[in-house]
Structure formats: C-alpha cells, structure tokens
Amino acid sequence: MKISYYPGCTLRTKAKELDVTARRCAEALGVEMEEIENWQCCGAVYPMATDEIAPKLSAVRALDAAKKNGGKLLTLCSACHNVIKRTNEDMKADGDICFRANNYLKLDEPYKGETEVIHYLEMLKNIVGFENIKKAVVKPLNRKIGAYYGCLLLRPSGVMAFDNPENPTIIEDFIKAIGGTPVVYPFRNECCGAYVSLKNSELPKQKSQKVLMSAKEKGAEEVITACPLCLYNLQVNGGDILPVKYFTELLAEALGV
C-alpha cells in the first residue's frame with residue numbers, strides 16, 4: 001500500500017538515520033512511503049496564539065496534499081507529528097482558524113481537517129500489525145530495551161490520542177514484536193528538558209541523566225525514542241549511562257535490512 005509521507009527538516013539533516021531506516025523497513029513490510037511534494041518546515045513548535053495563522057500554513061498545505069492523495073498523512077518525527085496533528089484539529093474544530101487559513105492559501109477546495117494524521121508507530125500497530133512484524137523478524141533482539149516517549153507524542157492527550165498519557169504501551173508492544181524485552185521505568189514519559197537547552201544548559205543534563213538512570217536501574221541495556229530532539233539531548237546530556245537509538249534503527253536490525 002501507498003501512504004503520503006511528511007519527513008520534515010530534521011530528518012534531512014541531523015536525523016537521517018530515522019528517515020532512512022524507516023523507509024527501508026516500510027518497504028520490507030509492504031508499505032510505500034510517498035513523500036509529498038513541496039513540503040515546508042512545520043515550525044517544530046505548535047503555535048499557541050490563535051490569532052497567528054502564518055505559522056500553521058505549511059502544516060495545512062501538507063495536510064491538503066495528503067487529502068488529495070488517499071486521505072492519510074504519515075509522520076515520523078515526534079515534533080512534526082505534534083504540530084501537524086494539532087493544526088489538523090484546529091482546522092476541524094476552530095471555524096475562525098479554518099476560515100483564515102483557507103482564505104490565505106486560496107486552495108482549490110477549502111481544507112477542513114479531512115486528513116488522518118498517522119505516526120509511524122501507529123502505522124506499524126494498526127496498518128501492518130505487530131503480529132505481522134513478528135513474522136517478518138529475522139534477527140530477534142534478545143536484549144532489554146527501555147522505551148522513551150517524551151512529551152510530544154502523548155500530550156495534549158485529548159488531541160494526540162496516541163496512547164494513555166500516564167501509562168503508554170505502544171512502544172513496549174513494538175519492542176516485543178521485534179524480539180526484545182521491554183523495560184518499564186518511572187521516567188519514560190517525562191520531559192528530557194531539550195527545549196530549554198539554550199536558556200539553561202544544566203537542566204537538560206539533570207533531566208536526561210534522571211531518565212537514563214531510571215531506565216538503567218530497572219535493567220535496560222539501551223533506550224529508544226521517536227524524537228530527534230530527545231535523541232540528541234539524551235545522547236549529548238545523558239552521559240555514558242546507556243546507548244540511545246531511534247526505534248526504526250532497531251526495527252531495521254530485527255528485519256535484517
């Protein structure tokens with residue numbers, strides 16, 4: 001099957017491993033990620049001011065492109081997923097934002113939130129199926145792996161509807177599907193402090209090390225994440241406590257691609 005795909009800026013620069021491994025794994029699992037044309041940066045941070053329309057327009061363009069090509073938009077970066085999905089909800093639920101965005105863009109047909117925004121992990125669970133992934137694994141990962149969710153996949157829970165914000169399980173179920181043993185630890189869905197790195201360099205170090213120590217104390221041998229910003233922050237500020245990788249890197253290893 002084909003699905004429209006929004007890569008985002010970071011996956012073309014500092015987070016190439018997340019993009020490349022995701023594409024190869026999708027192909028091995030029978031999914032063609034069809035990159036939408038002329039996409040632009042989503043802005044990386046959801047704009048809270050309701051009177052600012054311009055920061056939402058690139059997300060609306062991407063959503064409209066996917067609407068015309070199957071009605072589903074696949075995302076991979078947690079930050080992009082958060083921005084695009086929340087903007088999509090605005091286009092559904094806020095008549096003023098919807099009117100102003102459409103008036104600005106002059107689309108052939110007004111966009112009103114028709115596209116379904118799907119994270120890669122949701123695609124693995126709901127479209128491919130974890131049971132089918134188990135069957136495709138050629139190299140089971142017989143090691144203990146901690147899932148790090150961070151902030152953006154889970155919050156705000158009412159809009160993101162990704163998983164239980166207090167007790168998520170989707171990444172643990174993914175780890176089981178690729179032959180690993182998931183390690184549940186207290187700080188797996190707490191902020192790593194990446195967004196305040198420039199303002200307060202010490203706070204991200206404290207938070208990152210607390211996350212990784214929490215995972216290590218529960219027996220994890222490594223930690224995986226879906227967020228480029230979290231990966232960078234945990235690797236740079238987390239010290240040598242545990243290796244940190246993208247979840248798609250482990251999927252590629254398990255599938256032998």
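## Leu124 and the nonpolar core

Leu124 touches Leu29, Gly129, Phe130, Ile133, Phe174, Phe247 and Leu251, when residues up to four places away in sequence are left out of the count. The model in which these contacts are found is a predicted one. Within it, the largest nonpolar core holds 87 residues, and the members that touch the most other members are Tyr120, Leu124, Ile133, Phe174 and Phe247. Ile133, Phe174 and Phe247 therefore appear both among the contacts of Leu124 and in this group of core residues.

## Helix 5 against helix 11

Helix 5, which covers residues 120-128, packs against helix 11, residues 247-255, at an angle of about 45°, and the two axes are 11 Å apart. At that angle helix 5 is oblique to helix 11. Tyr120, Leu121 and Leu124 form the helix 5 side of the contact, while Phe247, Thr248 and Leu251 form the side that belongs to helix 11. Sorted by class, the residues of this contact are five nonpolar and one polar, with no charged residues.

## Helix 2 against helix 3

A second helix pair is formed by helix 2 (residues 57-67) and helix 3 (residues 78-93), whose axes lie 9 Å apart and whose packing angle is about 80°. Because angles of 65 to 115 degrees count as roughly perpendicular, helix 2 and helix 3 are described as roughly perpendicular to each other. From helix 2, the residues Ala59, Val60 and Leu63 meet Ile84, Thr87, Asn88 and Met91 of helix 3. By class, the contact of helix 2 with helix 3 has five nonpolar and two polar residues, and no charged ones.

## Leu212 in helix 9

Leu212 belongs to helix 9, which spans residues 202-217, and with a relative accessibility of 0% Leu212 counts as buried. Leaving aside residues up to four places away in sequence, Leu212 touches Val223, Leu234, Gly238, Ile241, Leu242 and Val244. For one of these partners, Leu242, the separation from Leu212 is 30 residues in sequence, whereas the C-alpha to C-alpha distance is 6.5 Å.

## Backbone features in loops

The peptide bond that leads from Arg155 to Pro156 is cis, with omega near -5°. Pro156 is placed in the loop between strand 5 (144-148) and helix 7 (157-160).

Positive phi values in residues other than glycine are found at Lys106, where phi is near 55°, and at Ala161, where phi is near 45°. Lys106 lies in the loop that runs between helix 4 (95-105) and strand 4 (116-119), and at 61% relative accessibility Lys106 counts as exposed. Ala161 is located in the loop between helix 7 and helix 8 (170-177), and, with a relative accessibility of 52%, Ala161 counts as exposed.

## Cysteines without disulfides

The structure holds zero disulfides. For Cys9, the closest cysteine sulfur is that of Cys41, and the distance of 3.6 Å between the sulfur atoms is too far for a bond, since a disulfide requires the two sulfur atoms to be within 2.5 Å. The sulfur of Cys77 has its closest cysteine sulfur in Cys80, at 3.9 Å, which is again too far for a bond. In terms of accessibility, Cys9 counts as partly exposed at 33% relative accessibility, while Cys77, at 5%, counts as buried.

How values were computed
Residues numbered from 1 in each chain as written. Predicted model: local features only at pLDDT ≥ 70, side-chain atom pairs only at ≥ 80, totals over all residues. Heavy atoms only, no water. Axes fitted to C-alpha atoms, helices over the stretch in contact; angles between N-to-C directions. Helix = DSSP H or I, 4+ residues; strand = E, 2+ residues; numbered from the N terminus. Parallel < 35°, antiparallel > 145°, perpendicular 65-115°, else oblique. Contact = heavy atoms within 4.5 Å. Nonpolar A, V, L, I, M, F, W, Y, C, P; charged D, E, K, R; others polar. Core = buried A, V, L, I, M, F, W, Y, C linked by side-chain atoms within 4.5 Å. Buried < 20%, exposed > 50% of the residue type's maximum accessible area, 1.4 Å probe, protein only.
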